[in-house]
Amino acid sequence: MYVIQDIDHRIETWIVHIAKKVDVMLQDVAVETKKHDLDLVTNIDKEVQADFTQLIKANYPEHQIMGEEKSNGEVDMYRGYAWAIDPIDGTTNLVKQGKDYCLIVSLFYDGEPLLAYTYEFYQQKLYKAVQGQGV
């Protein structure tokens, strides 16, 4: 079992790093569609999810990762440690108005939430919840 405070500190560090990267990427947003014309994905969505996936795998190789921009058939959120990542929640807002979009990352253990983070890019605000400590 991991020390939750150590993971919490690490995730906050990752979010700060990724937020700085997103600031630069906003200069060149490439937009694609997924299942239909209103289901957008950007290079930022893909890059943020890839960055988080790489960081998780490097530090917690036995953890599962569920991501919005990948197939998740192999993920069992009720078995062991499992991450849920929505790299850019509000992609349409990002594309159309450049605000009101965020990163959402959560960690579960056997289906129980341990940590949850929402980073609001435009306001540069981090909201988090830690099991046993609240929001």
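The expected span of a helix is taken as 1.5 Å times one less than its number of residues, and helices (H or I, at least four residues) and strands (E, at least two) are DSSP runs numbered from the N terminus. The model is predicted, so that local features need pLDDT of at least 70 and side-chain atom pairs count only at pLDDT 80 or more, while totals for chains, interfaces and linings use all residues. Residues are numbered from 1 along each chain as its sequence is written, and side-chain values use heavy atoms, with hydrogens and water left out.

**Exercise 1. Helix H1**

Task: Compare the expected span of helix H1 with the distance between its end C-alpha atoms, and determine which of its residues are buried.

Solution. Step one is the length: helix H1 covers residues 4-25, and at 1.5 Å a residue its 22 residues should span 32 Å, which agrees with the 31 Å between its end C-alpha atoms.

Step two is burial, where buried means under 20% relative accessible area, exposed over 50%, and partly exposed in between (1.4 Å probe, protein chains only). The buried residues of H1 are Ile4, Ile7, Asp8, Ile11, Trp14, Ile15, Ile18, Ala19, Val22 and Met25. Seen down the axis of H1, these buried residues fall within an arc of 145°, so they line one face of the helix; the arc is that of the directions from the helix axis to the C-beta atoms. On the other side of H1, the residues Asp6, His9, His17, Lys20 and Val24 are exposed.

Step three asks what covers the buried residues, with contact meaning heavy atoms within 4.5 Å. The cover includes helix H2 (43-59) together with strands S4, S5 (102-109), S6 (112-120) and S7 (125-130).

**Exercise 2. Salt bridges of H1**

Task: Find which salt bridges join lysine 128 to aspartate 8 and to glutamate 12, and which one involves lysine 21.

Solution. Step one is the rule: a salt bridge is a side-chain nitrogen of Lys or Arg within 4 Å of a carboxyl oxygen of Asp or Glu, and by this rule the count comes to six.

Step two takes lysine 128, whose side chain meets that of aspartate 8 at 2.7 Å, N to O. Lysine 128 lies in strand S7 and aspartate 8 in helix H1, so the pair ties together parts that are 120 residues apart in sequence. Lysine 128 is partly exposed, with a relative accessible area of 26%, whereas aspartate 8 is buried at 11%. Lysine 128 also forms a salt bridge with glutamate 12, the closest N and O atoms being 2.4 Å apart, and this pair links helix H1 to strand S7 across 116 residues. Glutamate 12 counts as partly exposed, at 27% relative accessibility.

Step three takes aspartate 51 and lysine 21, whose closest N and O atoms are 2.8 Å apart in a salt bridge; this pair links aspartate 51 in helix H2 with lysine 21 in helix H1, 30 residues apart. Aspartate 51 is buried, with a relative accessible area of 12%, and lysine 21 is partly exposed at 28%. Salt bridges that share partners join Asp8, Glu12 and Lys128 into one network.

**Exercise 3. A buried aspartate**

Task: Describe the surroundings of aspartate 86, starting from its place in strand S4.

Solution. Step one is location: aspartate 86 lies in strand S4, which runs over residues 81-89.

Step two is charge, with Lys and Arg counted as positive and Asp and Glu as negative, while His and the chain ends are not counted. Aspartate 86 is buried yet has no salt bridge, and the nearest side chain of opposite charge, lysine 34, is 7.2 Å away.

Step three is contacts: not counting residues up to four places away in sequence, aspartate 86 touches Glu68, Cys102, Leu103 and Ile104.

**Exercise 4. Aromatic pairs**

Task: Classify the aromatic pair of tyrosine 81 and tyrosine 109.

Solution. Step one is the rule: rings of Phe, Tyr and Trp (its six-membered ring) pair if their centres lie within 6.5 Å, and planes under 30 degrees apart count as stacked, over 60 as edge-to-face and the rest as tilted. A search of the whole structure finds seven aromatic pairs.

Step two applies the rule: tyrosine 81 and tyrosine 109 are 4.5 Å apart, centre to centre, with 55° between the planes, and the pair is tilted. Tyrosine 81 lies in strand S4 and tyrosine 109 in strand S5, so the pair ties together parts that are 28 residues apart in sequence.
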